[in-house]
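Reader: I'm new to this structure, so could you show it to me and let me ask a few things?

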Amino acid sequence: MAASPSTARAINDRLALRLLQQEGPLTAGQLKELTGLSRPTVADLVERLTAAGMVEVAGEARAQRRGPNAKLYGLVAGRAHLAALDVRTEGVALVVSDLVGGVLAEASLPIADDTGTGPAVEQAVTLVERTAKEAGADRLHTVGIGAPGLIDPATGELRDSTSLPEWHRRLVAALQERLPEARVSVENETNLAALAEQRDGSARDRDTFVLLWLGHGTGAAVILDGALRRGASGGTGEIGFLPVPGTRGLPSATDCAGGFHSLAGAAAVAALAEECGVVPEPGSEPEAARSVRAAVSRPGSATHARFLDTLADRVAVGVASVVALLDPGCVVLGGEIGQAGGEALASRVHDRLTVMSPLPVEVRPSALGGGAVLRGALLTARDHAQDELFGVPGH
């Protein structure tokens, strides 16, 4: 049975909106080519979506001939405002954007270890409210949060953990209470970093890969056939708890000391650098990342080469386990340490894997580093908001 005219219009509009979400602003001619619809049908849907406040003229295509056919149509950026947060043990970083991801305001706030739970939550919530106001946002439609720890797949909430500050869990509920009209969601930080690397970073050409996070802690995110895999309890990728040789004990259910974390976490990397005589570069990055950057900057130094070789030995132990279980074909070394190590560290890890594993795997450095979590939180918030606002236009 043929679709009714109203149903056909809804299908066409949804297709056009999805393309504008994925591709960004397009001309009517590009919409015609990508949708396979006729020119009159495309003209009708553009007029209909513009009148509905969903699409607007976003500029002109670069072409010799100007005119109506050169107009670029895009989603209405000001239709909603979004916020993305990267919540770490030492503080919060935040961006506020329009609906298409254009950053309107940025802020960060350190939170000391001895700050009480209540004051820490209040400081973080106030930062969000103040930054949204500075961005000109009367209200936030969607708030995406990236945080360390396990996300309960049944509830979507951050699970209680003795190793993380209590204010992390309280922050999500507090934001939802103070921003009752907003959709507030939280996702594991490493998972968000992987989504960002897939969309905008080192894994743009891969449907299957693993991101190994090397920062304050260690973690892994698994993307299989284009989909993020969280596991039965939300714990896929808790590689810091992986028992490995070279540590002084075994991890426990409440402490990853003795696991892979003890080999490749920031504290372990900083200690290794000091042991090898590597002096960190000056800067605002964590010490471990600055040490790795210093070693990479002087490849001819025997001291720096020994440090990078030993670090690669450690990282390869964790990567080899991931490769043996998942055969991802590609591993991205993420986080501040992975980005600082660049190709120098990635190539060393790859060389060790070719000896340790029969399975072929590329090892790539992160293109986004520590900023990947915030970028992933913003991308996720944007996708949620666009899907809700532009899912099926009304007719």
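Author: Here are some questions and answers about the core, a pocket, the salt bridges and a few loop residues. This is a predicted model, in which local features need pLDDT of at least 70, side-chain atom pairs count only at pLDDT 80 or more, and totals for chains, interfaces and linings use all residues. Residues are numbered from 1 along each chain as its sequence is written, and side-chain values use heavy atoms, with hydrogens and water left out.

Reader: Which element gives the most residues to the largest nonpolar core?

Author: A nonpolar core here is a set of buried Ala, Val, Leu, Ile, Met, Phe, Trp, Tyr and Cys residues joined through side-chain atoms within 4.5 Å; buried means under 20% relative accessible area, exposed over 50%, and partly exposed in between, with a 1.4 Å probe and protein chains only. The largest one has 42 residues, and Leu212, Phe307, Val319, Leu333 and Val349 touch the most other members. Among the elements that each supply at least two residues are strand S8 (209-214), strand S9 (218-224), helix H10 (302-326), strand S11 (330-334) and helix H11 (335-356); helices (H or I, at least four residues) and strands (E, at least two) are DSSP runs, numbered from the N terminus. The top contributor, with 10 residues, is H10.

Reader: What does Leu212 touch, leaving out residues up to four places away in sequence?

Author: Contact means heavy atoms within 4.5 Å. By that rule, and skipping residues up to four places away, Leu212 touches Gly219, Ala220, Ile239, Phe260, Val315, Val319, Val331, Val332, Leu333 and Gly334.

Reader: How many residues are in the other core that lies apart?

Author: Among its members are Ala83, Val96, Ala105 and Ala147. This other core has a count of 32 residues.

Reader: Let's move on to the second largest pocket: which element gives the most to its lining?

Author: The search uses a 1 Å grid over the protein atoms alone: a cavity is a set of points where a 1.4 Å probe fits but cannot get out, while a pocket is an open set with protein on both sides within 12 Å along at least five of seven lines, and lining residues have an atom within 4 Å of a point. Arg183, Ser185, Glu187, Thr380 and His384 lie nearest the centre of this pocket, out of 32 lining residues. Elements giving two or more of them include helix H1 (5-23), strand S7 (183-188), helix H6 (189-200) and helix H12 (372-390). With 9 residues, the one that gives the most is H12.

Reader: And what is the volume of that pocket?

Author: Grid points are joined across faces, edges and corners, and a volume is the space filled by probe spheres set on the points. For the second largest pocket that comes to about 720 Å³.

Reader: How many salt bridges are there?

Author: Side chains of opposite charge can pair when their charged atoms come close. The rule used here asks for a side-chain nitrogen of Lys or Arg within 4 Å of a carboxyl oxygen of Asp or Glu. Counted that way, the total is 18.

Reader: Which residue pairs with Glu187?

Author: Glu187 sits in strand S7, and its partner is 43 residues away, in the loop between strand S10 (227-229) and H7. Glu187 counts as buried at 10% relative accessibility, whereas the partner is partly exposed at 38%. The closest N and O atoms are 2.6 Å apart, and the partner is Arg230.

Reader: Which residue meets Arg375 in a salt bridge?

Author: Arg375 belongs to helix H12, and its partner lies in helix H6, 175 residues apart. Arg375 is partly exposed, with a relative accessible area of 29%, and the partner is partly exposed too, at 28%. The N to O distance is 2.7 Å, and the partner is Asp200.

Reader: Is Arg348 buried or exposed?

Author: Arg348 forms a salt bridge with Asp309, the closest N and O atoms being 2.8 Å apart. The pair links helix H11 to helix H10, 39 residues apart. Asp309 is partly exposed at 30%. With a relative accessible area of 18%, Arg348 is buried.

Reader: What is the phi of Asp225?

Author: Asp225 is found in the loop between S9 and S10 and is exposed, with a relative accessible area of 67%. Asp225 is not a glycine, yet its phi is positive, at about 50°.
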